[in-house]
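Here is a quick walk through a model you may want open on your screen. Grab a coffee and have a look.

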Amino acid sequence: MNKSIRMTKVPHLDRVIEDVNKYYYNRWKVKFGKYMKLYVFGSWKFLTLLAAIVLLLLTTLQAFCSVYNCCKFNLGSTSE
């Protein structure tokens with residue numbers, strides 16, 4: 001449900017609301033959505049910074065190897 005439903009002073013209705021909320025919050029879609037919201041969307045600034053640093057390092061490595069001919073560091077090439 002949503003947070004706008006509050007407990008009432010009717011015991012039977014309160015029990016039903018608690019049961020519905022337990023059922024809803026135990027569904028895997030809701031748990032996965034909370035996980036994504038907390039750990040993935042919440043850390044987008046850090047992940048963006050990390051990706052920018054990795055791309056900058058790879059660009060620097062490519063520029064260095066194009067100037068100084070890093071053929072001895074080719075891991076996939078067997079020809080000499």
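The notes below go from the overall fold to the individual helices.

## The big picture

Keep in mind that this is a predicted model. The chain has 3 helices and 0 strands, and reading along the sequence you get the pattern α-α-α.

How much of the chain counts as buried? Of its 80 residues, 6% do. The accessible surface adds up to about 7900 Å², and carbon and sulfur atoms account for 67% of that.

## How confident is the prediction?

Across the chain, the mean pLDDT is 80, with 79% of the residues at 70 or more. Among the elements, helix α3 (residues 44-68) has the highest mean pLDDT, at 92, while α1 has the lowest, at 84.

## Helix α1 and its two sides

Helix α1 covers residues 11-25. Its 15 residues, at 1.5 Å a residue, should span 21 Å, and the end C-alpha atoms are indeed 21 Å apart, so the two values agree.

Which residues of α1 are buried? They are Asp 14, Ile 17 and Asn 21. These three lie on the same side of α1, because they cover an arc of only 65° around the axis. Turn to the other side of α1 and you find His 12, Lys 22 and Tyr 23, which are exposed.

## A nonpolar patch on the surface

Next up is a nonpolar surface patch of about 830 Å², made by Trp 28, Phe 32, Tyr 35, Leu 38, Tyr 39, Val 40 and Phe 41.

One of these patch residues, Phe 32, sits in helix α2 (residues 28-40). Phe 32 has a relative accessibility of 47%, so it counts as partly exposed; over 50% would be needed for exposed.

## Helix α3 and what comes after

Helix α3 passes the length check too: 25 residues at 1.5 Å each should span 36 Å, and its end C-alpha atoms are 36 Å apart, so that agrees. Just past the end of α3 comes Asn 69, where phi is positive, at about 50°.

Note on methods:
Residues numbered from 1 in each chain as written. Predicted model: local features only at pLDDT ≥ 70, side-chain atom pairs only at ≥ 80, totals over all residues. Heavy atoms only, no water. Helix = DSSP H or I, 4+ residues; strand = E, 2+ residues; numbered from the N terminus. Buried < 20%, exposed > 50% of the residue type's maximum accessible area, 1.4 Å probe, protein only. Areas by Shrake-Rupley, 256 points an atom, 1.4 Å probe, with all protein chains shown as cover. Expected span 1.5 Å × (residues − 1). Arc of directions from axis to C-beta. Patch = residues over 30% accessible without salt bridge, like charges linked within 9 Å, V, L, I, M, F, W, Y side chains within 5 Å. Salt bridge = Lys/Arg side-chain N within 4 Å of Asp/Glu carboxyl O. pLDDT = per-residue confidence, 0-100.
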